[in-house]
Amino acid sequence: MSPITDPRYAASRREQFDKERADSDRDARMEYIKPLIMLLVGVGGVITWCLANGDVVDEDGERTPALGIAAIYLVVFAISLVCGVIGLWLASKLWLGGVGYLGLSILRLAGIYGVTDLVGMVVSGIPLLGWLIQAVVYISLLMWLFELEATESIMLALITFVVKIAATTVVMLIMFSG
């Protein structure tokens, strides 16, 4: 009798199957944990940075409390994430051919935005090099989390970055026009 149909080997096949299933479940959980940690560190770091720097006084002498700046950041983050997901969806329909499950893709993009925003806050004092560092981090994270090639990642970065900047500009104009 062959080992495939022999009942004496059934236990070892079942054990191997259970081990493979446990490994697969662990890998699937890690796919959600990595971007979640990135999101928490990035957004938490930006909010901590906003609260640590205190109130902001503009040129008219109006004071915006630090908590208000953090709230504005969260609103801009949420709106830019929605617009970024739309850009990601467009890119996946145009040439990427799919980026996985929608929930995982949203979480990945949120984690990337969080870390990129934190890097942007840290290097904001460096005029041109700061944007270059932020762009390299953004493209690298897109390549890593979405498992893209460099050209695909750059094109996706351009689409989502343009959508994010447009959304941020619109939100800021609405919030500060009144």
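At roughly what angle do the axes of α3 and α4 cross? Let's find out in your viewer, keeping in mind that this is a predicted model.

**Stop 1: two helices side by side**

Select α3 (102-122) and α4 (129-146). Their axes cross at roughly 160° and come within 9 Å. Since an angle over 145 degrees counts as roughly antiparallel, α3 is roughly antiparallel to α4 because of that crossing angle. The crossing of α3 past α4 is right-handed.

**Stop 2: where they touch**

Now show the side chains on both helices. On α3, the contact residues include S105, R108, L109 and I112, and further along Y113, V115, T116, V119 and G120. Facing them from α4 are I133, Q134, V137, Y138, L141, L142, L145 and F146. Try colouring this contact between α3 and α4 by residue class: you should find twelve nonpolar residues, four polar and one charged.

**Stop 3: the largest pocket**

Next, turn on a surface and look for the largest pocket, with a volume of about 1,100 Å³. To land at its centre, select D117, Q134, K164, I165 and T168, the closest to that point among the 35 lining residues. You have already met Q134 in the contact of α3 with α4.

**Stop 4: who builds the lining?**

Colour the model by helix. At least two lining residues come from each of α1 (10-53), α2 (66-96), α3, α4 and α5 (150-176). Which helix gives the largest share of the lining? That is α5, with nine residues.

Finally, switch back to colouring by class: the pocket lining has 23 nonpolar residues, alongside eight polar and four charged ones.

Terms used. Residues numbered from 1 in each chain as written. Predicted model: local features only at pLDDT ≥ 70, side-chain atom pairs only at ≥ 80, totals over all residues. Heavy atoms only, no water. 1 Å grid on protein atoms, 1.4 Å probe; cavity = no way out; pocket = protein on both sides within 12 Å on 5 of 7 lines; lining within 4 Å. Points joined across faces, edges and corners; volume = space filled by probe spheres on them. Helix = DSSP H or I, 4+ residues; strand = E, 2+ residues; numbered from the N terminus. Nonpolar A, V, L, I, M, F, W, Y, C, P; charged D, E, K, R; others polar. Axes fitted to C-alpha atoms, helices over the stretch in contact; angles between N-to-C directions. Parallel < 35°, antiparallel > 145°, perpendicular 65-115°, else oblique. Left-handed = near helix turned anticlockwise from the far one by under 90°. Contact = heavy atoms within 4.5 Å.
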